[in-house]
Amino acid sequence: LYVVVLAAGASRRFGRPKLLRTIAGESLLARSARLAHSVAGQRCVVVLGARASRLRAELSGLGIRVAVNRRWREGMGASLAAGIAALPADAS
């Protein structure tokens, strides 16, 4: 089982980075990544794009593999492709 968390969008409609909003003191990004990691362990990849350097800081200490989608403006498909490309060749 592999998990790819898509977190590359700019949150334009939300008006600010929604992944930095907090629930119980934890950002939505950190919470999503932590939960995905609890299911898949090292088989988890988080795809970042817009504000990647700022968002990566939210993942420090979680042991999460990060892929950066430099083509994030092209939409979710580009992020999914970046996440799949970050998986091992034998991933099913």
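This briefing covers the empty spaces, a surface patch, the salt bridges and two backbone angles of one structure. The model is predicted. Its largest pocket has a volume of about 450 Å³, while its largest cavity holds about 40 Å³ of space. A search of the whole structure finds four salt bridges. Arg-51 comes up under two topics, as part of the cavity lining and as a residue with a positive phi.

**The largest pocket**

- Rolling a probe the size of a water molecule over the atoms shows where empty space is left.
- The lining of the largest pocket is made up of 16 residues.
- Nearest the centre of this pocket lie Ala-8, Gly-9, Ala-10, Ser-11 and Lys-18.
- Two elements, strand 1 (3-7) and helix 3 (76-85), each give the pocket lining at least two residues.
- Sorted by class, the pocket lining holds eight nonpolar, four polar and four charged residues.

**The largest cavity**

- The count of cavities of 30 Å³ or more comes to one.
- Around the largest cavity stand Gly-9, Ser-11, Pro-17, Lys-18, Leu-19, Ala-50, Arg-51 and Leu-55.
- Four of these lining residues are nonpolar, two are polar and two are charged.
- Gly-9, Ser-11 and Lys-18 belong to the cavity lining, and these three residues are also among those nearest the centre of the largest pocket.
- Two other residues of the cavity lining, Arg-51 and Pro-17, are 34 residues apart along the chain, with 8.4 Å between their C-alpha atoms.

**A nonpolar patch on the surface**

- Leu-6, Met-76, Leu-80 and Ile-84 form a nonpolar patch on the surface.
- Together the four residues of the patch have about 390 Å² of accessible area.
- Helix 3 gives the most to this patch, with three residues, and Ile-84 lies in that helix.
- Helix 3 also supplies at least two residues of the lining of the largest pocket.

**Salt bridges**

- Side chains of opposite charge can pair when their charged atoms come close.
- In helix 2, Glu-58 and Arg-54 lie four residues apart, about one turn of the helix.
- Glu-58 and Arg-54 form a salt bridge, with 3.1 Å between the closest N and O atoms.
- Glu-58 counts as partly exposed because its relative accessible area is 24%, and Arg-54 is partly exposed because its value is 41%.
- Salt bridges that share partners join Glu-26, Arg-31 and Arg-34 into one network.
- Within this network, the side chain of Glu-26 meets that of Arg-31 at 3.9 Å, N to O.
- The side chain of Glu-26 also meets that of Arg-34, at 2.8 Å, N to O.
- Glu-26 is buried, because its relative accessible area is 18% and the cut-off for buried is under 20%.
- Arg-31, with a relative accessible area of 32%, is partly exposed, and Arg-34, at 34%, is partly exposed too.

**Positive phi angles**

- Most residues other than glycine have a negative phi, and most peptide bonds are trans.
- Ala-24 has a positive phi, near 50 degrees, and is a residue other than glycine.
- The place of Ala-24 is the loop between strand 2 (22-23) and strand 3 (26-27).
- Ala-24 counts as exposed because its relative accessibility is 82% and the cut-off for exposed is over 50%.
- Arg-51 likewise has a positive phi, near 60 degrees, and is not a glycine.
- Arg-51 sits in the loop between strand 4 (44-48) and helix 2 (52-58).
- With a relative accessibility of 42%, Arg-51 is partly exposed, and Arg-51 is also one of the residues that line the largest cavity.

How values were computed: Residues are numbered from 1 along each chain as its sequence is written. This is a predicted model: local features need pLDDT of at least 70, side-chain atom pairs count only at pLDDT 80 or more; totals for chains, interfaces and linings use all residues. Side-chain values use heavy atoms; hydrogens and water are left out. On a 1 Å grid over the protein atoms alone, a cavity is a set of points where a 1.4 Å probe fits but cannot get out, and a pocket is an open set with protein on both sides within 12 Å along at least five of seven lines; lining residues have an atom within 4 Å of a point. Grid points are joined across faces, edges and corners, and a volume is the space filled by probe spheres set on the points. Ala, Val, Leu, Ile, Met, Phe, Trp, Tyr, Cys and Pro count as nonpolar, Asp, Glu, Lys and Arg as charged, and the others, Gly among them, as polar. Patches are made of residues with over 30% relative accessible area and no salt bridge: like charges are joined within 9 Å, nonpolar side chains (Val, Leu, Ile, Met, Phe, Trp, Tyr) within 5 Å. Accessible areas come from the Shrake-Rupley method with a 1.4 Å probe; for residues, only the protein chains shown count as cover. Buried means under 20% relative accessible area, exposed over 50%, partly exposed in between (1.4 Å probe, protein chains only).
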